Structures are given as structure tokens and as C-alpha cells.
Amino acid sequence: MTMTIEHALRQEFPANSDRVAVIDIGSNSVRLVVYGKNGAYPSPLFDERSNCQLGAGLDKAGTLAQDRIADALETLTRFRALINAMKINSCYPIATAAVRRALNAKDFTEPASAILGQQITVLSEGEEADYVARGLTLNIPNVTGLVADLGGGSIEIVNLKNGELKNAISLNYGHLSDVSEAEIIKAISSVSWIAAAKAKQLFGVGGSFRALGQAYFAREKYPLPVLHGLKIDAIKATKLCDELTRDGADMFGVPAARSSTMPMAATIIRSLMNASSVKRLVVSGTSIRDGVIASHELSATQRADFLVAVSEEIALASERFSGLSKALRKFLRPVALSSSTETLRLLEIACNLADICWHEHSDMRGNLAVSRVLALPINCITHKERVWLSIALYHRYVGLKVNKPRPQGLDGLLSKKKLNEAITVGLGLRFALIFAAGTGDYLEKIKLVCSQGKMTLMIDPSAKDFLDGHCKRRFEVFAESAGFQGEIIFT
């Protein structure tokens with residue numbers, strides 16, 4: 001049976017598996033996301049949104065329009081039916097700026113709560129900012145910089161230092177607003193800590209930032225079209241905002257549903273980037289929903305390193321023989337002991353992913369491994385980590401053959417040193433997995449010692465019959481790639 005990434009992540013939820021839902025009622029859209037809770041990683045099982053534009057006209061009227069309320073209530077009626085059908089164990093319905101600001105909020109919250117059978121939580125400005133920050137740090141721990149969540153009716157701006165929230169504010173300007181740029185600049189400039197933070201990075205959360213990222217992809221030759229983690233130089237980002245705010249602007253690359261509101265969104269983004277003097281914009285695929293899940297459903301251990309947790313779950317679902325990934329990590333660890341902590345972590349994650357495409361056709365495994373890693377549906381991985389791991393997994397299946405299909409253009413995202421590291425780890429995986437026939441037991445009978453320019457493969461005599469000329473050659477290629485002279489001894 002072919003193992004897909006989605007299957008590997010969810011491991012076929014049993015019938016009684018816990019599920020949790022978050023309903024995010026924003027100024028622009030009402031969204032339902034259902035998560036599975038069978039492992040350390042709460043994988044999304046369902047995600048649907050409706051652009052109800054509940055906050056449309058709020059700036060002028062101060063109230064929610066009745067036709068927008070009716071549209072949102074209709075959406076919630078469908079979501080309630082879906083929640084019942086999926087037998088959801090718990091649900092967190094939250095509302096943000098539009099409902100918080102509206103003078104007639106009860107016209108929506110009372111019938112909405114009746115439809116859902118539970119009270120809707122209308123978040124305060126502080127609570128909303130906190131969830132935005134938690135959603136980002138869940139996937140990017142220890143981050144330092146500004147975070148901006150731009151919605152239809154407000155923008156939440158947070159200052160983080162080493163993952164800790166230092167300052168936060170909510171301003172009532174969103175992509176549905178009808179205000180002048182001068183008013184936006186004045187409001188942002190009045191918040192003294194935004195400039196004082198001297199942040200190098202602005203992490204952009206929300207659909208408007210993702211739409212800006214899609215416009216960037218359409219205009220630039222960027223090799224990895226994954227929005228989360230996309231880094232755009234501040235000069236290029238503000239130039240793109242300039243293009244999108246001109247009269248009769250070309251909306252090339254902007255999703256059709258965002259084209260009418262993109263000029264206002266780009267105006268707000270540009271104003272914030274200019275006021276903060278950040279060096280780059282980082283598009284984030286995280287959301288307030290991630291913060292809700294992190295706060296209410298995950299333990300401290302589960303929040304520690306999401307990428308490791310995901311890779312461990314994939315290992316359990318995909319490895320051919322039990323204990324394989326653990327044995328691989330133990331065997332290859334000496335290769336990276338003198339490297340950075342980051343490299344050692346990536347090596348161990350690569351070991352967990354080593355069998356991810358074993359069930360595919362042998363001619364396509366390398367190419368598919370690249371595609372699977374690049375397309376992992378998670379936000380706890382950077383673009384460089386995706387590329388590093390994909391290259392390692394490619395060489396795990398293909399070795400140094402040049403006649404196999406391979407995606408082009410990815411190497412440029414890594415330094416030469418990091419590229420060589422990834423290739424070396426892939427060749428190490430290839431040798432180890434072929435030598436031991438994909439089992440963990442016989443990996444316990446070999447050991448690597450790296451010292452004084454030599455990589456010594458120590459083999460227990462009980463495993464001597466596993467070493468033939470082909471395995472010897474693969475080991476020598478691995479050792480050479482790591483910068484060592486290969487040596488084999490029987491102990």
C-alpha cells in the first residue's frame with residue numbers, strides 16, 4: 001500500500017480518537033478547523049472558511065450589518081452540523097475585532113451561541129495578541145522580532161524577544177477599513193515601542209500577508225512556492241506594496257478574493273514596515289487558531305519541538321522494521337558530533353524520515369521524497385530546513401546517480417557547506433539502510449568512529465557476511481563526502 005504524507009501524519013485515526021475544533025470568527029472570514037489529537041502533533045483533519053465579511057462597514061456605522069450577520073449565522077449552522085457529524089469532543093469558538101468593536105455585538109453573539117450550543121468567546125485585544133504570539137512561537141520557538149496579524153478590522157502588533165511577549169497592541173485598521181494612509185501612519189507612529197524595538201524581522205500573519213507572498217511568487221523566480229517561512233527583503237516588500245497601492249494596480253498573483261482589499265492591506269503593511277525599519281518580512285502560515293490549540297490542548301513537552309514530534313510520528317507510520325529510526329540516529333550521530341546543534345537535529349529528523357517513500361516505485365523514490373518533504377503540511381519548518389531534508393532524502397534513495405529525476409533550483413537556498421552536509425547525511429543513510437536491509441537489529445552490530453581524518457567502520461564479526469564489494473563502495477563514498485578517509489575493521 002502506498003504511504004502518503006497525510007497518512008503518515010495521521011496514522012489512521014481510530015474511531016474513538018479525540019478531535020477538537022476551533023471556530024475563528026473574524027472580520028473577514030468565519031473558519032472551522034478540526035484537529036486530531038492522537039499524537040504529539042495535532043494534525044488538521046478539516047479546514048473550511050466562508051468570507052462573510054462580518055466587519056464590512058464597521059468603521060463608519062459602528063455596527064455589524066444585518067445581512068453580514070445573517071451570512072455568518074448561516075455559516076455557523078453548517079459548521080454546527082459538521083461538528084456533530086464528525087463527533088467532535090471539544091470546540092473553541094472565538095470572535096475577534098469585528099464582534100469586539102460592534103455596538104450591536106449581541107445581535108450576532110446570542111443567536112450564534114444558540115446555534116453552536118455554547119458561548120462564543122469574544123477575545124479582548126490582549127487575549128487576541130497573546131494567541132497570535134503563541135501560534136507563532138509554537139511553530140518558531142525563541143523567535144525575536146515583530147509579529148503583525150492583519151485582519152479585516154484590526155491589526156495586532158506584538159514585540160517578541162526570545163519567544164517572550166514584551167509589548168502588544170491592537171489597532172482598528174484592517175484590510176476592510178476605509179481610512180487614509182496618513183491616519184494609519186499616525187496611529188502606528190504613536191506606538192513608541194514599535195520603532196524602539198529595532199526589530200530586524202516582521203512576521204506577517206493572516207490572509208493579507210499570504211496574498212502579498214503569492215504576489216511575490218508570481219513576480220520573482222523563487223524555487224519553493226511554500227508561503228510559510230518565505231523571507232522577503234524589506235526593500236522588495238515595500239516596492240511590491242507600492243505597486244499594489246497605485247491607481248489601477250496590477251493584481252498579478254494576488255488571489256481574486258483579495259484583489260479588492262489588497263490596496264488597503266498593502267498600505268497598512270508598508271506603513272508598519274517603514275515605521276519599524278525592519279530588514280525583512282517573513283510570511284507566516286500560523287494563526288490565532290494555533291495559539292488556541294497550544295494554550296488549551298498541548299503540554300509543554302508537546303510544544304518543545306514540533307518538527308521533531310512530527311518526524312517521530314512519521315517514523316512510526318512509515319518505517320519498515322520497528323526501531324529503525326532509533327538505530328539510524330545512534331549509528332550516524334558520530335558524523336555530526338563536531339557540527340552545530342542545528343545540523344545534529346536535522347540529521348536525527350532525516351533518520352526519522354528515512355523510509356518515507358520506501359513503498360513507492362524504485363525509479364521515483366528520490367524525486368518523490370523531495371516532493372513529500374517540501375510539501376509537508378506543517379508550519380514548524382523553515383524553507384532551508386525543507387530543502388536540507390529533501391536533499392538528504394533524495395541522496396538516501398539515489399546516491400550520487402545522475403540519471404534519476406530531481407527537482408531543480410533548490411540548491412541555491414543553501415550555502416555550499418549546508419548542501420554538502422545534506423548530501424553526506426543522505427549517503428550515510430543510503431549505506432546504513434542497504435547494509436542492514438532496512439532493519440535496526442544489524443545496525444546495532446556496526447559502529448562509526450570519526451577521528452584524525454579517518455572514518456572507521458567497526459563491524460561485529462557476526463555481521464561480516466553483510467559486507468560485500470557494493471556495500472564497501474557505498475561506505476567509501478559516504479566517508480569521502482564527509483571529508484574522511486574510509487577504513488573498515490572487524491572487532
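Trainee: Let's start with the hairpin of β7 and β8: which residue takes a positive phi there?
Mentor: This is a predicted model, so keep that in mind as we go. Strands β7 and β8 make a hairpin with two residues between the strands. The residue with a positive phi, near 50°, is N162.

Trainee: How many bridges join β7 to β8?
Mentor: β7 covers residues 155–161, and β7 and β8 run antiparallel. One of the facing pairs is I155 with L171 in β8. The count of bridges joining β7 to β8 is seven.

Trainee: What is the strand order in the six-stranded open sheet?
Mentor: The pairing in that sheet is mixed. Its edge strands are β8 (164–171) and β10 (231–233), each pairing on one side only. From one strand to the next, the twist averages 20°. The order is β8-β7-β6-β9-β11-β10.

Trainee: Which helix packs on that sheet, touching β6, β7, β9 and β11?
Mentor: In residue numbers, β6 is 145–150, β9 is 201–205 and β11 is 280–284. The helix's direction makes about 165° with that of β6. Spanning residues 262–276, the helix is α11.

Trainee: Now the other sheet: what is the order of its five strands?
Mentor: This one is an open sheet too, and its pairing is mixed. At the edges sit β3 (44–50) and β5, each pairing on one side only. Reading across, the order is β3-β2-β1-β4-β5.

Trainee: In that sheet, which residue of β3 does V34 stand opposite?
Mentor: Strand β2 takes in residues 30–36, and six bridges join β2 to β3. Those two strands run antiparallel. Opposite V34 in β3 stands F46.

Trainee: Do β1 and β4 pair in the parallel or antiparallel sense?
Mentor: β1 is residues 19–25 and β4 is residues 90–95, with six bridges between them. D24 stands opposite I94 in β4. The sense of the pairing is parallel.

Trainee: And which residue of β5 stands opposite A95?
Mentor: β5 is residues 121–122, and β4 pairs with β5 in the parallel sense over two bridges. The residue opposite A95 is V122.

Trainee: What angle does helix α3 make with β2?
Mentor: Helix α3 runs over residues 66–85 and packs on the five-stranded sheet. It touches β1, β2, β3 and β4. Another helix, α12, lies across β1, β2 and β4, running at about 140° to β1. For the direction of α3 against that of β2, the angle is about 15°.

Trainee: How much space lies in the largest cavity?
Mentor: The structure holds three cavities of 30 Å³ or more. The largest is lined by 27 residues, with D24, S29, D149, L150 and G151 nearest its centre. The space in this cavity is about 370 Å³.

Trainee: By class, how many residues in that cavity's lining are charged?
Mentor: β6, α9 (207–219) and α12 (288–297) each supply at least two residues of the lining. By class, the lining has four nonpolar and 14 polar residues. The number of charged ones is nine.

Trainee: Last one: where is the pLDDT below 50?
Mentor: Across the protein the mean pLDDT is 91, and 93% of the residues reach 70 or more. The stretch below 50 has 42 contacts in the model beyond near neighbours in sequence. That stretch is residues 1–17.

Notes:
Residues numbered from 1 in each chain as written. Predicted model: local features only at pLDDT ≥ 70, side-chain atom pairs only at ≥ 80, totals over all residues. Heavy atoms only, no water. Pairing = 2+ DSSP bridges. Helix = DSSP H or I, 4+ residues; strand = E, 2+ residues; numbered from the N terminus. Axes fitted to C-alpha atoms, helices over the stretch in contact; angles between N-to-C directions. Contact = heavy atoms within 4.5 Å. pLDDT = per-residue confidence, 0-100. 1 Å grid on protein atoms, 1.4 Å probe; cavity = no way out; pocket = protein on both sides within 12 Å on 5 of 7 lines; lining within 4 Å. Points joined across faces, edges and corners; volume = space filled by probe spheres on them. Nonpolar A, V, L, I, M, F, W, Y, C, P; charged D, E, K, R; others polar.
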